[in-house]
Amino acid sequence: MRSLQRYLRHILITMSLLVFALSFSFTTSYADWYGLTLSQPSAIMTAFSDKAGEEIDTVKSLVFLYTFESNTNPRQSSAITSGFTFFTTVANYWPFSSFKYSSVGATYDLSAKLISFKIGGQTQDNIIGFGGSLGANLEGVEIFVGASSSADDFTKVDFRHFNSAYNFNLLGLIKVFLQIPLDNRDFPYIMYTFNYGMGVTVYGPFLPNLKSVDNFANVEKIYGTMTHTLTVKFEF
């Protein structure tokens with residue numbers, strides 16, 4: 001009898017939380033988020049940077065991202081949203097760097113907005129929620145080598161060029177986020193997100209012609225990720 005009461009109590013609590021979560025009237029339709037985060041290089045890319053005597057520092061791992069988000073049913077208000085995030089490192093496009101780290105990829109995101117509250121005279125709610133993401137990225141390192149800039153050396157290895165190596169990784173993340181309203185018509189919300197997860201190198205390292213790189217058999221292909229992301233919601 002006592003076990004039955006405990007079982008019914010657990011069901012009641014679960015149903016109450018579900019009703020509580022789904023009863024929120026969050027923003028219907030779509031949202032665009034733009035922001036910055038720091039990428040987490042794989043163990044293989046870190047090993048390449050060590051061989052080059054370089055470091056993948058904060059500047060090199062800074063990532064710009066864009067997230068498209070919508071309610072699971074765009075026609076109705078909902079606490080559950082889904083969407084896609086596209087990201088790329090920023091420093092990889094700087095022309096004056098002799099060592100570059102790049103990470104380009106995308107994830108599918110699913111989030112639940114669980115708690116809303118106001119502080120002081122706020123007219124909009126602060127929102128706390130959690131979610132998860134699955135995706136993939138292509139990451140690489142490039143180092144500037146060679147000594148010649150003569151056109152006669154174009155087909156030789158000493159012509160100035162970048163040595164490049166790449167990885168293809170699968171990503172899995174869980175996240176907790178806080179959305180804070182801003183008193184701005186074009187940028188109504190700013191969001192902080194803590195991401196934790198794992199990456200798996202499924203192919204790599206490889207050269208631009210897709211040929212595998214030797215002497216990296218002992219490097220771990222599974223690595224942890226932990227990042228902090230700051231984004232702003234933009235309304236057209």
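**Exercise 1. Identify the residue in strand 2 that is the bridge partner of Tyr34, and set out how the strands are joined.**

Step 1. In strand 2, Tyr66 is the bridge partner of Tyr34. Strands, like helices, are DSSP runs numbered from the N terminus (strands: E, at least two residues; helices: H or I, at least four).

Step 2. The model examined here is predicted: local features need pLDDT of at least 70, side-chain atom pairs count only at pLDDT 80 or more, and totals for chains, interfaces and linings use all residues. Residues are numbered from 1 along each chain as its sequence is written, and side-chain values use heavy atoms, with hydrogens and water left out.

Step 3. Strand 1 and strand 2 are paired antiparallel by nine bridges; two strands pair if DSSP finds at least two bridges between them. In general, strands of a sheet pair through backbone hydrogen bonds, either parallel or antiparallel.

Step 4. Nine bridges also link strand 2 (residues 62-71) to strand 3 in the antiparallel sense. Here Val63 stands opposite Thr89, and Thr67 stands opposite Thr85.

Step 5. Strand 3 is in turn paired with strand 4 over nine antiparallel bridges, with Thr85 opposite Thr107.

Step 6. Strand 7 (residues 189-206) and strand 8 (residues 222-234) run antiparallel and are joined by eleven bridges. Tyr196 has Met226 of strand 8 as its bridge partner.

**Exercise 2. Describe the overall arrangement of the elements.**

Step 1. The protein has two helices and eight strands. Read from the N terminus, the order is α-β-α-β-β-β-β-β-β-β.

Step 2. The eight strands close into a barrel in the order 1-2-3-4-5-6-7-8, with antiparallel pairing. On average, neighbouring strands of this sheet are turned by 25° against each other, direction ignored.

Step 3. Helix 2 packs on the sheet, where it touches strand 4 (99-117), strand 5, strand 6, strand 7 and strand 8. The direction of helix 2 makes about 130° with that of strand 6. Axes are lines fitted to C-alpha atoms, for helices over the stretch in contact, and angles run from 0 to 180 degrees between N-to-C directions.

Step 4. Contact means heavy atoms within 4.5 Å. Of the contacts with a separation of 6 or more, 70% are between residues 24 or more positions apart.

**Exercise 3. Determine how many residues of strand 3 are buried.**

Step 1. Buried means under 20% relative accessible area (1.4 Å probe, protein chains only). By this criterion, 39% of the 236 residues of the protein are buried.

Step 2. In strand 3 (residues 80-89), seven of the ten residues are buried, so this strand is largely enclosed by the rest of the structure.

**Exercise 4. Characterise the largest cavity.**

Step 1. A cavity is a set of points, on a 1 Å grid over the protein atoms alone, where a 1.4 Å probe fits but cannot get out; lining residues have an atom within 4 Å of a point. The structure holds one cavity of 30 Å³ or more.

Step 2. The volume of the largest cavity is about 590 Å³.

Step 3. Its lining consists of 35 residues, and Leu65, Thr85, Leu173, Asn195 and Thr229 lie nearest the centre of the cavity. Among the elements giving two or more residues to this lining are strand 1 (30-38) and strand 8.

Step 4. By class, the lining of the largest cavity comprises eleven nonpolar, 20 polar and four charged residues.

Note on methods:
Buried means under 20% relative accessible area, exposed over 50%, partly exposed in between (1.4 Å probe, protein chains only). On a 1 Å grid over the protein atoms alone, a cavity is a set of points where a 1.4 Å probe fits but cannot get out, and a pocket is an open set with protein on both sides within 12 Å along at least five of seven lines; lining residues have an atom within 4 Å of a point. Grid points are joined across faces, edges and corners, and a volume is the space filled by probe spheres set on the points. Ala, Val, Leu, Ile, Met, Phe, Trp, Tyr, Cys and Pro count as nonpolar, Asp, Glu, Lys and Arg as charged, and the others, Gly among them, as polar.
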